[in-house]
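Trainee: I should like to examine how the terms used for this model follow from their definitions. May we go through them in turn?

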Amino acid sequence: FGGHKAETAKTFVVDLDAPPLQRWQKVVQSADANFIQKGIDKLLRVALPNEALVKLVEAIAKDIERFIPQPYADEIRGISQATGIPLGDLVISNIVYDVSASGTGRSKACTSIVTTDHNGKIYHGRNLDYAEPSFLKNITIQVDFHRNGKSLFMATTYMGYVGVITGSRHGAFSISGDERNTGKWWNNLLAVEKGSGFTFFNERWILENKETYKEALIEAVLKPTIAPVYYILGGITPTEGAIVVRNAHTLANFTMLGMDETHPWYLVETNYDPWKAPPASDDRRDAAIHAMNRVGQDKMDAEMLYKVLSVPPVFNEQTTYTTIMSAADASVYRTMIRWDGPDY
Ligand SMILES: CCCCCCCCCCCCCCCC(=O)NCCO
């Protein structure tokens, strides 16, 4: 692909003990607000193609006190104050997944893999694929969330996006979210009104508040989300890995490491239910399985997992970044911005 090289994403510290309004100031002070504003405009046009939906989402974004929970509301407000990007645009960008994920969605692509090496060490890798990838590549960052003066968890996000789609809490668990396009966007909006959690605010909440893999898994299974989603979790011992398939309010299904007889040492999730065959038009799952089996458990490590996630079409024109993490080993957390992908 292309002639460019992947680059390591820059890391910023966000101090959870600082007031929410100020937490992201150092992160966004280097941001090109004009570039982000233009990118948001393009991204929202693709993600929210329906005029009725746009109007409803604008109404939600105006009523930030009612719909957006703390501390996220104040964090987004602080980013708006620091950059001059209108608050409503930032709110909509931060909840775009929840209000748009549906069976009528645009192209689907994202891959998460949890694997064990021959010693039982867990590696968790993911490709984050989304609309407007060249914009998103430009704003991809790693965030080292601190509490009590110490690193609590690492996450990969986009500048201005305060939810977490990919993250690892040291010595405990890692988690990634893949889009599940099974619902209807109007049901997602009704769920906002009912007070369910925004999917990637929930994921961040789990990273901030749950101290073990087991606790994180229970939360991912039980906590209602606004949109359907696949949460993929990795732990720190050889059997700790799971795909949690959520239908917004309820659990749809659950697969654990070891359950698949053909490859008990790893789990692969793209954007399709594990018990159904993926569509022939977008079979990234079998491509990933084939690549994992070619490497084999004996040779599996962080570098090999990165190579698996670099095999087309697992790696594709919408891939913005690849993160490799291992909750048991804080030295393994690396996000590569995929400038080596095909131009979008
Ligand atoms: C102010 C910040 C602007 C950035 C907005 C970024 C929005 C990103 C939303 C990402 C949602 C990710 C869903 C999971 C990934 C996935 O499965 N992708 C395939 C389906 O599109």
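Mentor: The discussion below takes up the sheet, a pair of helices and some backbone details.
This is a predicted model, in which local features need pLDDT of at least 70 and side-chain atom pairs count only at pLDDT 80 or more, while totals for chains, interfaces and linings use all residues. Residues are numbered from 1 along each chain as its sequence is written.

Trainee: What makes S13 and S14 a pair?
Mentor: Two strands pair if DSSP finds at least two bridges between them, and strands are DSSP runs (E, at least two residues; helices are H or I, at least four), numbered from the N terminus. Strand S13 (residues 319-325) and strand S14 (residues 333-337) have five bridges in the antiparallel sense, so the definition is met. Within this pair, Tyr321 stands opposite Ile337 in S14.

Trainee: Why is one side of S1 and of S12 left without a neighbour in the sheet?
Mentor: The open sheet has six strands in the order S1-S14-S13-S4-S3-S12, with antiparallel pairing. Strand S1 (7-8) and strand S12 (266-269) are at its edges and have a single partner strand each, so one side of each lacks a neighbour in the sheet.

Trainee: Why is H5 called oblique to H6?
Mentor: Helix H5 (residues 72-83) and helix H6 (residues 87-94) pack at about 135°, with axes 9 Å apart. Axes are lines fitted to C-alpha atoms, for helices over the stretch in contact, and angles between N-to-C directions run from 0 to 180 degrees. Angles under 35 degrees count as roughly parallel, over 145 as roughly antiparallel, 65 to 115 as roughly perpendicular and the rest as oblique. The angle of about 135° belongs to the rest, and H5 is therefore oblique to H6.

Trainee: Which residues of H5 and H6 meet, and how are they classed?
Mentor: Ile76, Arg77, Ile79 and Ser80 in H5 meet Leu87, Leu90, Val91 and Asn94 in H6; contact requires C-beta atoms, placed from the backbone, within 7 Å. By class, five are nonpolar, two polar and one charged. Ala, Val, Leu, Ile, Met, Phe, Trp, Tyr, Cys and Pro count as nonpolar, Asp, Glu, Lys and Arg as charged, and the others, Gly among them, as polar.

Trainee: What is notable in the backbone?
Mentor: Most residues other than glycine have a negative phi, and most peptide bonds are trans. Glu132, in contrast, has a positive phi near 50° and lies in the loop between strand S4 (122-129) and helix H8 (133-138). The bond from Gln70 to Pro71 is cis, with omega near 5°, and that from Pro312 to Pro313 is cis, with omega near 0°.

How values were computed. Two residues are in contact if their C-beta atoms, placed from the backbone, lie within 7 Å.
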